[in-house]
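Here are some notes to read with the structure open beside you. Take them one at a time, and find each residue on screen before moving on.

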Number of protein chains: 2
Amino acid sequence: VDGRWAVADLGSNSFRLVVFEADGGAWQRTDEIYEAVRIGEGLQATGELGEAPMARGLAVLEVFSHFCEAAGIPPDRIDAVATSAIRDARNQAVFLARSPLRARVLSTEDEARYGHLAAVNSSTLADGVVLDLGGGSMQLVEVTGRRAAALQSWKLGAVRTTERFGLGDGPVKRKQLDAVREHVHRKLERAPWLAGRGGRLVAIGGTARNLAAAAQRAGGWPEFGVQGFVLERDALADLVERLAALPARQRARVDGIKPGRAEIILAGAAVIHAVLEHGGFDGAEVTEAGLREGVFFEHLLGRDRPLFDDVRRQSVLNLAARYGSHPDRSPHVAHVAKLALGLFDALAGAGLHEGDPAERELLWAASVLHDIGMTVDYDDHHKHSRYLLLSAGLPGFTPREVALVGQAVRFHRKGLTTMGPFEPLAQRGDGRRLARMAVLLRLAEDLERSRDQAVRGVRPEVDGEVVRLVLDVAPDATVQVPRWAAGREDELFGRAFGRSLAVA
Amino acid sequence: VDGRWAVADLGSNSFRLVVFEADGGAWQRTDEIYEAVRIGEGLQATGELGEAPMARGLAVLEVFSHFCEAAGIPPDRIDAVATSAIRDARNQAVFLARSPLRARVLSTEDEARYGHLAAVNSSTLADGVVLDLGGGSMQLVEVTGRRAAALQSWKLGAVRTTERFGLGDGPVKRKQLDAVREHVHRKLERAPWLAGRGGRLVAIGGTARNLAAAAQRAGGWPEFGVQGFVLERDALADLVERLAALPARQRARVDGIKPGRAEIILAGAAVIHAVLEHGGFDGAEVTEAGLREGVFFEHLLGRDRPLFDDVRRQSVLNLAARYGSHPDRSPHVAHVAKLALGLFDALAGAGLHEGDPAERELLWAASVLHDIGMTVDYDDHHKHSRYLLLSAGLPGFTPREVALVGQAVRFHRKGLTTMGPFEPLAQRGDGRRLARMAVLLRLAEDLERSRDQAVRGVRPEVDGEVVRLVLDVAPDATVQVPRWAAGREDELFGRAFGRSLAVA
């Protein structure tokens, strides 16, 4: 499956062509063409695709087709999928016959299934619900043991709801909003498994991403994308009120809402809020993956089991691979991770900390990613590593966890640790946790400072107030470099473990 | 010369090992070990290296030696150079005999020569003066036609001057500062070419870098490294006063001054200020390259002509090569640059702008670097490109020019251009200049959106208020993608050129 894949997503609101590149298990998006086609415009009234929207759609498909041809992506690597608007239009065949790209019309079940794949491959959701709100339809999937247990679809997409309830202008009155809410509640009765279900809900789609960005800014949260951000139900209710009070054109002035969504964002917000109410969810975890990633994952992983075994591990390794830091290909990175985790375990064994497995996993992630910023510049590469990490994101980790990994990476060379701009995300004990992560990563890096794996292992001996590191050194190797390097970590070690440090 | 090189710089204040990597004309620093050895401590009083400083120095050299061995850098690729303190010490031979790395002691002339190489290979200095202030000595080089015309050295290094005039504590009285100033002026009489010379002065060394960072912050300048920043004489005078008023330990509280330099920074500032006064210079252009780069450049380029032909071009291509964007290896990048410059020239020919060659060069740089951020993440790659560019810097360009290139890159996909956080660096006309650069880069990228070089060229036809782009298309190629893409640039084109745009 290595090489390039193109997925075209012909949605009710926009058409989007995304190019993915797969390389030995790692993958990334490498190109994207987006156009707000609004193919579904007027469909609500006539049941057909209009001439003008079809013409717009075909022009964009011409562009997609020529783009793929020029880029040398062969037809069997192009997967064009059409969703709600085209699915529901009586004159669907007319449009498809004229399309220069062969498109498959997804059934509601297939659409829901791809949303499910996107969500469970970019979050840790094992049991709960996936919500996918598009322009035309909304899918809800009940997830059990990561598998889709129930897949349902409603014609409650943001474009369609906007047209049906006349929410495209504004301000919108409470009465109109109440009508939407009642409508959604009534429609959801079709899903008996949903009412008052509670638990986790993961949301995908551009509407959810925009609303999360808006809530993030309104709440003053540190911003590094919306991946893993929880859009709380109360914050969403506030947004619905703010958006309803504005004329449609001004809705884009709400920080986080893109101009292309100004008209339809209120309807989307109202629908999602009603779903949260109906199902008794406190909020929606947002993920940046969407239908397109779902389609791609099926090609990447195969139809039989299109799930990553471990999403968090996959995220870290996928990012590391991009910068030559995959432990299977970098003995230095593998060794730093081994030494850091060895110290973590030994110090926990000696009773110096609790040995929390979640913290251990974050330390592993920081160890694997600590040097990715070297590709930017040697100077300040610890800061560059954090930048690359925050920019790309780590699906499956919460924003707080990403911030902890980022700060451990940022402090992997020097300085006293602080959560810095990520303080608002910190939980009780995170200051100490970060100090532990950073100093263990630093010691591992110090012991492997010559990048030759000469220090094969390290055993800490606790002697009262002093922790002495006993090094297991390869025959013929010398330890001047590791001893010199590790000799400088006393201060941070003291903060992290309340002991002083000696290197034997 | 491809592969790794290690340069060890055994200075009076610190020892530093830097690893460089060369690859087909491109180069970068890939590792660095720094230790504030202070080998020159006490030398002023005794004329000898003390036992304690020598022991510290030898321990660090052991580390360097083991590091190079472990890293597999062969002895003929390691160049250790010793400067003022070791050069001047009567017991130099004792220290060198014990050193695990074979070090060569640089003559004052060689030291000045390497400083000259560092400066002229990282700035556009052709005629002027290079100032290199180290811990032990200060070198001044008169530069004519990029060559060193006169090379002189004085025992006026920051450590030495600190010890001699007792500036290591504080606050320091005006009388003491006056004594330093007079001393420097008197010593400089040895260089008859210097007095009142004026013109450009480029400064290298950690003292100059720290002072530039402090002046940058005090002045509220946008911060992206000190490369090319001009430390004005008046701003330096202010810094001398601020630093003199503080106890030595508190000097590091002046934003930009590193703690390891707190003791000696005042002496360094006072010496540089006196040089500027004596030579009649308005300020000092700072460069981040130093003695170590000078030594490396000689290996990279050869002793016969160790100068880059064109520093600015080299900076852009060196950075591009790191991210697979070198035009010789990326047909897409080469073609975008060709189309952008073609449009620039044609529109200048049509009288729509002045065709300033400096602007043309910045447009070329932006064209070559526009996609380097793709390695970070496809989303927001325009912002990532800017980040990578600002982080690595572009030696030979002024901060204003780097900001213009950075903003052109940042707006190479969408949005209306603004100088944003770099407004304080802007000169009259830069808003319009940036709009021109960005829209031409965007049009070039649009026409080459399929990355297949199908649009071979473009000819703008000016027809009253409309500029029509006539495309020269390869046989059998289609233009749906370029036409679609370029059709969206009307607004920015209007701002840049006051005309509307049509694609024929």
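The numbered points below go from the whole of one chain to single residues.

1. Please keep in mind from the start that this is a predicted model. Everything below describes that prediction, so treat the numbers as computed from it.

2. Let us begin with the build of chain A. Its secondary structure comes to 19 helices and 14 strands. The C-alpha trace of chain A spans about 80 × 50 × 40 Å along its principal axes. How does the radius of gyration of chain A agree with that of a compact globule? For 504 residues a compact globule would come near 23 Å, and chain A has 26 Å, which agrees.

3. Next, the inside and the surface of chain A. Of its 504 residues, 60% are buried. The area that chain A exposes is about 19200 Å², and carbon and sulfur atoms supply 47% of that area. Contacts tell you how the chain is folded back on itself: among those between residues at least 6 apart in sequence, 68% join residues at least 24 apart.

4. A word on charge. Chain A carries 64 positive and 67 negative side chains. If you take the centre of each set, the two centres lie 3 Å apart.

5. Now for the aromatic rings. A pair of rings is described by the distance of the centres and the angle of the planes. Over all chains the count comes to 17 aromatic pairs. One of them is formed by A:F20 and A:F296, with 4.2 Å from centre to centre and 5 degrees between the planes. Is this pair stacked or edge-to-face? The pair is stacked, because planes under 30 degrees apart count as stacked.

6. Stay with that pair a moment longer and trace the chain between the two rings. A:F20 sits in strand β2 (residues 15-23) of chain A, while A:F296 belongs to helix α11 (residues 291-301), so the pair links parts of the chain 276 residues apart. Both A:F20 and A:F296 are buried. The two also belong to a cluster linked by ring pairs, together with A:W27, A:F297 and A:F308.

7. For contrast, turn to chain B. B:F493 and B:F497 form a tilted pair, 5.0 Å centre to centre and with 40 degrees between the planes. Both residues lie in helix α19 (residues 490-497) of chain B, 4 residues apart, which is about one turn of the helix. B:F493 is buried, with a relative accessible area of 1%, and B:F497 is buried too, at 4%.

8. Back in chain A, have a look at A:R292. This arginine is placed in helix α11. Is A:R292 buried or exposed? Its relative accessible area is 12%, so A:R292 is buried. Beyond its neighbours within four places in sequence, A:R292 is in contact with A:V7, A:D9, A:R16, A:V18, A:F20 and A:R209.

9. A:H183 is worth a visit as well. You will find A:H183 in helix α7 (residues 174-188) of chain A. With 5% relative accessibility, A:H183 counts as buried. Leaving out residues up to four places away in sequence, A:H183 touches A:L156, A:R164 and A:F165. As a distance to try out on screen, the C-alpha atoms of A:H183 and A:V81 are separated by 29 Å, with their positions 102 residues apart along the chain.

10. Some backbone details deserve a check. The peptide bond from A:G170 to A:P171 is cis, with omega near -5 degrees. A:P171 is in the loop between α6 (158-165) and α7 of chain A. In chain B, B:R146 is not a glycine, yet has a positive phi of about 70 degrees; B:R146 is in the loop between β7 (138-144) and β8 (147-154) and counts as buried at 16% relative accessibility. B:Q453, also not a glycine, has a positive phi of about 55 degrees. The loop between α17 (430-447) and β12 (455-463) of chain B holds B:Q453, which counts as partly exposed at 26%.

11. A last stop is B:A195, in the loop between α7 (174-188) and β9 (200-204) of chain B. B:A195 is partly exposed, with a relative accessible area of 48%. Its C-alpha atom is separated by 20 Å from that of B:G268, 73 residues apart along the chain.

Terms used
Residues numbered from 1 in each chain as written. Chains lettered and ligands numbered in written order. Heavy atoms only, no water. Helix = DSSP H or I, 4+ residues; strand = E, 2+ residues; numbered from the N terminus. Rg over C-alpha atoms; globule rule 2.2 N^0.38 Å. Buried < 20%, exposed > 50% of the residue type's maximum accessible area, 1.4 Å probe, protein only. Contact = heavy atoms within 4.5 Å. Areas by Shrake-Rupley, 256 points an atom, 1.4 Å probe, with all protein chains shown as cover. Lys, Arg positive; Asp, Glu negative; His and termini not counted. Charge placed at Lys NZ, Arg CZ, Asp CG, Glu CD. Phe/Tyr/Trp six-rings, centres within 6.5 Å; stacked < 30°, edge-to-face > 60°.
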